[in-house]
Amino acid sequence: MKKKLIAGNWKMNGSLAANEALLKSVLAGVGQAECQVAVCVPAVYLAQCQALLADSIVSLGAQDVSSHEGGAYTGEIAPAMLKEFGLRYVIVGHSERRQYHLESDEVVASKAQRALACGITPIVCVGETLAEREAGKTEEVVKRQLAAVIAINGHCISEVVVAYEPVWAIGTGLSATAEQAQQVHAVLRAQLKAATPSADRIKLLYGGSMNASNAASLLAQPDIDGGLIGGAALKAQDFLTIIAAAA
Ligand code: PGA
C-alpha cells in the first residue's frame with residue numbers, strides 16, 4: 001500500500017531557536033513513522049534544518065522555487081540551489097503565492113517542471129476560494145489549475161504530489177469535511193488517470209485546517225494520501241498526532 005505523506009508548511013514562521021526546539025521535539029517523538037514526513041521551511045533556514053534533520057526520517061522541503069533556471073532574477077531561488085541543501089520537496093502554487101504574488105497557473109506549472117528537472121518533488125497546490133465554491137465552480141477551478149501542470153509536465157506528472165487546499169479552509173479553523181475533501185480528490189484522481197497510467201501512485205494531500213482532531217477522518221478517505229499542514233505543524237505534539245493518524 002502507498003505510504004501517506006504528512007508535510008508541514010511552516011509558512012513565514014520560525015526563528016533559529018524555535019526551529020531547533022520544534023524539530024528536536026518532532027524527532028524525539030516520530031520514531032519509525034509508518035508514513036513519510038516532511039517539513040517545508042523558510043528558505044533562510046534550510047541549512048539549519050538540513051543539519052538538524054540529518055540521518056532522520058523527516059525530509060526537508062521549501063515553500064517556493066523560481067520558474068527560472070538562474071540569472072538576473074533578484075530575490076528568487078533556483079531549484080538547483082535548493083537541491084544543494086538536500087531538498088526532497090518544494091511547495092508550488094500555494095494559494096498565498098497565487099493570491100499575494102499573482103502567480104498564474106502557467107507560472108506554477110513551470111515551477112513544478114523546474115523542480116522535477118532538478119530531482120525535487122513539487123507539491124502542487126490547487127483549491128477554490130469561498131466565492132468560487134459558492135458559485136458552484138470548485139471542480140472547474142481545481143481542474144483548470146491541475147490541467148496547466150499536466151500540460152507542461154507530460155508523463156512526468158506521475159512524479160508530482162498534488163495538494164487540494166480549499167482557500168476558505170486555510171488558517172481559518174474551518175476544515176473541509178472528509179466528504180467534501182474526498183469528492184474533490186476523486187475529481188483530481190480521475191483527471192490524473194486520464195493523463196497517466198500511473199495516477200494511482202500519485203499522492204493527493206488535503207490541506208486547510210487539518211489538525212490533531214480531524215486528521216484521522218480526513219486521512220481515512222480513499223483518495224486522501226496525506227496532508228499539508230500549516231498551523232498544526234508548528235506544534236510538535238499536534239504534528240506528531242497527525243503523523244500517527246496517517247500510520
Ligand atoms: P493551515 O494551512 O493548516 O494552517 O490551514 C495549510 C496550508 O496553507 O498549507
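How far is an oxygen atom of the ligand from a polar backbone atom of G230? The distance is 2.9 Å, and the views below start at that site.

This is a predicted model, where local features need pLDDT of at least 70 and side-chain atom pairs count only at pLDDT 80 or more, while totals for chains, interfaces and linings use all residues. Residues are numbered from 1 along each chain as its sequence is written, and side-chain values use heavy atoms, with hydrogens and water left out.

**View 1. The ligand and its neighbours.** There are 13 residues around the ligand, and K11, H94, E165, G171 and S209 come nearest (near: a heavy atom of the residue within 4 Å). The K11 side chain puts an N or O atom 2.7 Å from a ligand oxygen. E165 has a polar side-chain atom 2.7 Å from an oxygen atom of the ligand. Polar contacts here are pairs of N or O atoms within 3.5 Å.

**View 2. The barrel.** Going round in the order β1-β2-β3-β4-β5-β6-β7-β8, 8 strands close into a barrel with parallel pairing. From one strand to the next, the twist averages 25°. Strands are DSSP runs of E, at least two residues, and helices are runs of H or I, at least four, numbered from the N terminus; strands pair if DSSP finds at least two bridges between them. Angles run from 0 to 180 degrees between N-to-C directions, and axes are lines fitted to C-alpha atoms, for helices over the stretch in contact.

**View 3. β2 beside β3, with a helix on top.** Strands β2 (residues 36-40) and β3 (residues 58-62) run parallel and are joined by 4 bridges. C40 has G61 of β3 as its bridge partner. Helix α2 (residues 46-53) packs on the sheet and touches both β2 and β3, its direction making about 170° with that of β3 (contact: heavy atoms within 4.5 Å).

**View 4. Helix α1 against helix α10.** Here α1 (residues 16-30) packs on α10 (residues 236-245) at about 35°, with axes 9 Å apart. On the α1 side you'll find L22, S25, V26, G29 and V30, meeting A236, F239, L240 and I243 of α10. By class that's 7 nonpolar, 2 polar and no charged residues (nonpolar: Ala, Val, Leu, Ile, Met, Phe, Trp, Tyr, Cys and Pro; charged: Asp, Glu, Lys and Arg; polar: the others, Gly among them).

**View 5. Helix α7 against helix α8.** The angle between α7 (residues 138-153) and α8 is about 35°, and their axes lie 10 Å apart. Residues in the contact include V142, L146 and I150 of α7 and V184, L188 and L192 of α8. The contact has 9 nonpolar, 2 polar and 2 charged residues.

Note on methods. Polar contact = N/O pair within 3.5 Å; in protein donor to acceptor, adjacent residues only side chain to side chain.
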